[in-house]
Amino acid sequence: MGTNPASPDKSALSQQLWDVVTTLTPEGQNASLRKAEEQGLDLNRGRIPFAETLINLNHAREILLDLTEKKKLAQLPLKLQYSLLAQALRVSQALQALLSGTDTVQAIEDSVDDLTSSIWQYNLQNLSGEVLGLAHKMNQLKAQETLIRGFIAKPRGF
């Protein structure tokens, strides 16, 4: 879940996730399925059949689009934001590799499963404005507490 030096600035995370997720279109998914079938790849060799993986991917895509469109992503912990971006990038790269003729069926399954697991683990599909509103207020409170601690820590001259 860590980040690497090429990770975007936190202010660009939402846009970058949007950019990646919008490439995971149903048309692109269908094209990858057709390519895998053309190559005669075994689409059922993993724990999850490839067709079900694509259903899971489309569901994850819709959730991530909602997170970014409604500006909910910025209220999640940074580590989770970076993780979601990295997972979405892995899915996108694996789909592109499949379209280029590389057998990445298993990699796509694993990457989509990781992304779906994160969405479920953090209950992202059920984020409401009220829950995020509370998180926003808590972040404001933390900022105020930081200012107060800084003020208390400063030496005072009389």
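Is R61 buried or exposed, and what is its relative accessible area? Keep that in mind as you turn the model; the answer comes at the third stop.

**Before you start**

This is a predicted model, in which local features need pLDDT of at least 70 and side-chain atom pairs count only at pLDDT 80 or more, while totals for chains, interfaces and linings use all residues. Residues are numbered from 1 along each chain as its sequence is written, and side-chain values use heavy atoms, with hydrogens and water left out.

**Stop 1: the whole chain**

Show the cartoon. You should find 6 helices and 0 strands, where helices (H or I, at least four residues) and strands (E, at least two) are DSSP runs numbered from the N terminus. Along the sequence the pattern reads α-α-α-α-α-α. Of the 158 residues, 33% count as buried; buried means under 20% relative accessible area, exposed over 50%, and partly exposed in between (1.4 Å probe, protein chains only).

**Stop 2: the core**

Now select L64, L76, L84 and L124. These have the most contacts inside the largest nonpolar core, which has 34 residues. Such a core is a set of buried Ala, Val, Leu, Ile, Met, Phe, Trp, Tyr and Cys residues joined through side-chain atoms within 4.5 Å. The elements giving two or more residues to this core are α1, α3, α4 and α5, and α4 gives the most, with 9 residues.

Center on L64. Leaving aside neighbours within four places in sequence, L64 is in contact (heavy atoms within 4.5 Å) with L17, V21, L84, L115 and I119.

**Stop 3: helix α3**

Select residues 50-69. The 20 residues of α3 should span 28 Å at 1.5 Å a residue, and the end C-alpha atoms are indeed 28 Å apart; the expected span is 1.5 Å times one less than the number of residues. Buried residues of α3 include F50, L54, L57 and I63, and the buried residues of this helix pack against α1 (13-21), α2 (26-38), α4 (78-99) and α5 (105-121).

Here is the answer to the opening question: R61 is buried, with a relative accessible area of 12%. The side chain of R61 meets that of E62 in a salt bridge (3.3 Å, N to O), a term for a side-chain nitrogen of Lys or Arg within 4 Å of a carboxyl oxygen of Asp or Glu. E62 counts as partly exposed, at 41% relative accessibility. Step just past α3 to K71, which takes a positive phi of about 55°.

**Stop 4: salt bridges across the chain**

By the same rule the count comes to 7 salt bridges. Select D103 and R45, whose closest N and O atoms are 2.7 Å apart. D103 sits in the loop between α4 and α5 and R45 in the loop between α2 and α3, 58 residues apart.

Next, select E109 and R47, which also form a salt bridge (3.3 Å, N to O). E109 lies in helix α5 and R47 in the loop between α2 and α3, so the pair ties together parts that are 62 residues apart in sequence. E109 is buried at 3% relative accessibility, whereas R47 is exposed at 61%. Add D110 and D113 to the selection: R47, E109, D110 and D113 are linked in a network of salt bridges.

**Stop 5: along α4**

Finish on α4, whose 22 residues reach 32 Å from first C-alpha to last, close to the 32 Å expected. Pick Q93 in this helix; Q93 counts as exposed, at 51% relative accessibility. The C-alpha atoms of Q93 and I108 are separated by 8.8 Å. After α4 comes G101, with a positive phi near 105°.
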